[in-house]
Amino acid sequence: MKIIHVAETIKGGVASVMKQLVIHQTMNNDVEILIPDSQSTELDSLVNCSQYTFRRTGRNISSFLSLFWNFTKLIIRSDPKIVHIHSSFAGVICRSVLILLYPIRRPKVIYCPHAFAFLIPNSRSKKFIYIFIEKFLQCITDKIICTSQYEQAQAIRVKLNRKKLCVIYNGINFSDVIALSPYTSNKIHLLFVGRFDYQKGYDNLLHLIEMLDPDKFEFTIIGDTVHDKVEIISAKNVKYLGWVKFDKIIPYFQYATVLIMPSRWESFGLVAVEAQSFGLPVIANNCSSLPEVIQNEVTGYLFNFDNELDNVVQILNNKTLSDWGSMKTDCIKFVTSRFSAQSMNKSVDIVYSNLMNKSK
């Protein structure tokens, strides 16, 4: 069976999810992917699928047109049975193409927004537009995969078709790699992994850095800006690594003390799951899907970062390295029981199979 995966951007969790799905699906299917040329190295380890790219220089007209044109060519040439669309921008562009091509190409369409655009704090008029677009594009969509109960509940709240919605948690493979520690001091090592933007709460991360004793706490920041220029803080206890591949993050997941995740909204929270799979507890914002992927006071702590940053500081000051280390076993047990790649792949297989059986 021919399957096409397409995304407008794959930095972060989307790349991880696509990689797990494609590795699994290429065992029995012909899989092709369409991703941004500037991010193609994120999936360069995939060897059994055909990889196509479009030119992306940002979220601008020329990049959207490039995705539109290259996706159109790929659908006409490949004639897939299933198209799996990742991210909301790709959801708009690619489903619009499929409406236009409907007379000649009619694949089954699976759409995973990885956070609906209407979840973003915005003006009422913008939210109305995003909701209208999602409702309209349901006509060409066979299944919408939500990555958390929270995301599905929000979709139902705005009256998306309940029958087209399902929840499939993102899954990961569990690593048994034992890395060398990247740290040389005995400080409390705080880790941040993600984009430097408002959604990921980067501004609150900077406030937290300013509030903690630099002689006691050390920050490692993995990621970079994607859309906007932001402040890069210069301090003796702060180290920026930029975007690095997952195998380079593993030593930090294994030896950091706590992951800091001040995101203002998430459709899932893959970084939190990845961190906990190595036994790393998480302090996260108490919002959206994050209570589903972190057990408060068991595998980490949930706070309102916009209003309770003092409480975050207090718990960091009060807990010892031994206190944090005692949470390791619970972190690993929680994640392995709920968020495996095998479980995710099996659930997606069932979605595909049900849709194909309906078309017979």
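How many disulfides does a search of the whole structure find? I found 0 disulfides (pairs of cysteine sulfur atoms within 2.5 Å).

**Ground rules.** I am working with a predicted model, where local features need pLDDT of at least 70 and side-chain atom pairs count only at pLDDT 80 or more, while totals for chains, interfaces and linings use all residues. Residues are numbered from 1 along each chain as its sequence is written, and side-chain values use heavy atoms, with hydrogens and water left out.

**Cysteines.** I looked up Cys49 next: its nearest cysteine sulfur belongs to Cys94, 16 Å away. Cys49 is buried (under 20% relative accessible area; exposed is over 50%, partly exposed in between; 1.4 Å probe, protein chains only) at 13%. For Cys112, the closest cysteine sulfur is in Cys146, at 7.7 Å, so a bond is ruled out by distance. Cys112 is buried too, at 4% relative accessibility.

**Sheet.** I then traced an open sheet of 7 parallel strands (DSSP E runs of at least two residues, numbered from the N terminus), in the order S3-S2-S1-S4-S5-S6-S7. Strands pair if DSSP finds at least two bridges between them. S3 (50–54) and S7 (165–167) are the edge strands, each pairing on one side only. S1 (residues 2–7) and S2 (residues 30–36) pair in parallel over 5 bridges. In that pair, Lys2 stands opposite Asp30.

**Helix on the sheet.** Helix H13 (residues 341–358; helices are DSSP H or I runs of at least four residues) packs on the sheet. I see H13 touching (heavy atoms within 4.5 Å) S1, S4, S5, S6 and S7. The direction of H13 makes about 150° with that of S5, using lines fitted to C-alpha atoms, for helices over the stretch in contact, with angles from 0 to 180 degrees between N-to-C directions.
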